[in-house]
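Morning, everyone. Let me put the structure up, and then I'll walk through a few places in it.

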Amino acid sequence: MDLQFLSAGLAIGLGAIGPGIGVGLLVMGALQAIGRNPEAAPEIRTNMILGIAFAEAIAIYALVVALVLKFV
Amino acid sequence: MEALGFNAGFLLAQIVNFVVLLVLLRMFLYRPILNMLEQRRERIRESLEAAERARQEVVQSQKAYEDELAKARREAQQIIERAREAAERQKEEILAEAREQARQLIARAEEEIAYERQQAMAQLREEVAQLSLEIAQKVIGHALSEAEHRQLIRQFLAEVGESR
Amino acid sequence: MSRVLNPKVVAGVVLVLGAIVVGKLVAPAALPGIQLPAEMVPILGVRVPNTLLHTLLADITLLILAFLATRNMKEIPDGLQNFAEWVIEGFYGLTEDIAGDRARQWFPLVMTIFLLVLVANWWELVPGVDSIGVVEPPHGSKGFVLAKVGPLYALTAQGVKLEYAGEKGGEMMGGEAEKSGEGAAEEAGKEGKEEGFPTTEDGRPLGVLVPFLRASATDLNFTLALALISMAMVQYYGIQALGMGYFTKFINLKGGAMGFVVGLIETISEFAKIISFSFRLFGNIFAGQVLLFIMAFLLPWLVPVPFYGLELFVGLIQAFIFAVLTLAFLANAVVAHDDHH
């Protein structure tokens, strides 16, 4: 079989695990912080989104690898 | 890289496109709107300051009015006080003057009385002497000598003085 | 109990499910060929990448909005001017929070990134983008049976696997139809020419669609262009603020071997930022596009709607992240680094 497709699928599938957990932890922390200190919600939300962007970048690297495997 | 879609020409086109868009938006969107916001902020600041100034002025004029009022009241009080003092003083003066005058009148009257009495006394004495002289002349029938007269008068006067 | 079996609720559920099923049967959509490079679409005889056209569309949209918003500025704003002021004032406040005194300097760059990415992302969701274009003979491994609709051609959902022996329009293997959906015109194309198109065994032409417009951010050139500009400006302002001292961040000779390695890592991470900038935006929007394609392909009616909502949100968030990260890197670059002393 074509191992290319298998590897591409595995790359993005496995690569998404870490960022998934990371984003979950980030949002958990942010929500707890907002729960404790609702006045700071806008600031926390902005920083949470930035943090998610950084965590998500890892998944994007996996996506790039998957795309390279599939198309290149 | 080709397979991912990289193409130097397109990349350059997108960069140029972005720079042009940035310049245009800066000219036609950001500058007018930021200027407008700045202008409005300035306007709001000015009107707030004007309002503050007006409030200050009102407070100041209120204060000035109250000061003026208090001053006027104080002055009126002073005037009344001064008038009262003047009247009091005048009363005292008038009274003192009156008393003085009365005293002077009394003194003068007394003086006059004393003078009159002395006058009367002298006159009386004169008349008594005259009278007694005439009486004596009548009694004796002729005039006594000067010396005898003098002797007689002195004697009489001494008697009269004693009798008094 | 009664609430669950409320006739209105039951009717609603049945209606929705019915619409989904009927939609699937009546109007199946073609799953377009998914490819990374931008398709070259012929405009006035010149082949232009459709993502570049999409970027130009976003530019024009922005410029028209800017023109309308600032046409006659009023002290007391209304309508579009009010909206433009709200957006710009809000973003300017954010810029000031992060950049402080340099807000005025950096604001145009950051705001333009935000607006361009946002408008380009949202244009993707407008019907017609990705679905109106030129029908051409298939150049990949898959073609769609064409149906003639008036003067235009429409792609049916009937995809056919092709295998080229060599040159274009060669013989094809196995004309097995994957889906039968006659009359289902989801994607319409112009200028279809009969000649040059391969046909199925029963003589129907096969073609693919080259859309006029495709979301800019699904083209790496667009995202890489933005990332390069962004990081170039970061370096520029870093050097402007710190002079030659800026480079001690990258080539650190005072901190010993450890410091040198840290400097090396800083250098690498500067390039990694370009990669992550461009691939973050690209990956999100490309994945969103593929998601919408597949949802429309699987269940064309009603089901894609929530995904459109999601993509609306993703488009906004990605534009915001690109702008705010640029701002954060800029703010970081103008601060002197004295970690080792």
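Leaving aside its neighbours within four places in sequence, which residues is Gln14(B) in contact with? The list is Thr51(C), Leu52(C), Thr55(C), Asp219(C), Asn221(C), Phe222(C) and Ala225(C). One caution before I go on: this is a predicted model.

Let me stay with that glutamine. Gln14(B) sits in helix 1 of chain B. Its relative accessible area is 3%. The cut-off for buried is under 20%, so Gln14(B) counts as buried.

Now the interface around it. On the chain B side, 30 residues are in contact; on the chain C side, 42. Together the two chains bury about 3400 Å². Carbon and sulfur atoms account for 74% of that area. Which residues of chain B lose the most area to chain C? They are Gln14(B), Phe18(B) and Tyr30(B), and together they make up 19% of what that side buries.

Cross over to chain C and pick up Asn221(C). You'll find Asn221(C) in helix 5, residues 220-242. Buried or exposed? Asn221(C) is buried, because its relative accessibility is 0%. Leaving aside neighbours within four places in sequence, the contacts of Asn221(C) are Gly5(B), Phe6(B), Asn7(B), Phe10(B), Leu11(B) and Gln14(B). So we are back at Gln14(B), which is in contact with Asn221(C) and with Thr51(C). Those two chain C residues are 170 apart in sequence. In space, their C-alpha atoms are 9.1 Å apart.

That leads to chain C as a whole. Chain C has seven helices and eight strands. Its length is 341 residues, and 46% of them count as buried. Take the contacts in chain C between residues at least 6 apart in sequence: 72% of these join residues at least 24 apart.

Next, the largest pocket. How much space lies in it? About 910 Å³. The lining has 28 residues. Nearest the centre are Trp86(C), Val87(C), Phe114(C), Leu118(C) and Leu316(C). By type, the lining divides into 24 nonpolar residues, three polar and one charged.

Which helices supply at least two residues each to that lining? From chain A, helix 3 (41-71). From chain C, helix 2 (50-70), helix 3 (79-99), helix 4 (103-123) and helix 7 (304-333). The largest share is nine residues, and helix 3 of chain C provides it.

So let's look at helix 3 of chain C. The helix has 21 residues. From first C-alpha to last, helix 3 of chain C reaches 30 Å, close to the 30 Å expected at 1.5 Å a residue. Its buried residues are Gln81(C), Ala84(C), Glu85(C), Ile88(C), Phe91(C), Tyr92(C), Leu94(C), Thr95(C) and Ala99(C). What do they pack against? Within chain C, helix 2, helix 4 and helix 7; from chain B, helix 1 (8-140). Recall that helix 1 of chain B is also where Gln14(B) sits. After helix 3 of chain C comes Gly100(C), with a positive phi near 65°.

Last item: positive phi in residues other than glycine. I have two in chain C to show you.

Asp130(C) has a phi near 75°. Asp130(C) lies in strand 3, residues 127-130. With a relative accessibility of 8%, Asp130(C) counts as buried.

Leu302(C) has a positive phi as well, near 65°. This leucine is in the loop between helix 6 (256-298) and helix 7 of chain C. Buried, exposed or partly exposed? Leu302(C) counts as partly exposed, because its relative accessibility is 42%.

That's my tour. Thanks, and over to you.

Notes. Residues numbered from 1 in each chain as written. Chains lettered and ligands numbered in written order. Predicted model: local features only at pLDDT ≥ 70, side-chain atom pairs only at ≥ 80, totals over all residues. Heavy atoms only, no water. 1 Å grid on protein atoms, 1.4 Å probe; cavity = no way out; pocket = protein on both sides within 12 Å on 5 of 7 lines; lining within 4 Å. Points joined across faces, edges and corners; volume = space filled by probe spheres on them. Helix = DSSP H or I, 4+ residues; strand = E, 2+ residues; numbered from the N terminus. Nonpolar A, V, L, I, M, F, W, Y, C, P; charged D, E, K, R; others polar. Expected span 1.5 Å × (residues − 1). Buried < 20%, exposed > 50% of the residue type's maximum accessible area, 1.4 Å probe, protein only. Contact = heavy atoms within 4.5 Å. Buried area = accessible area lost by both parts, 1.4 Å probe.
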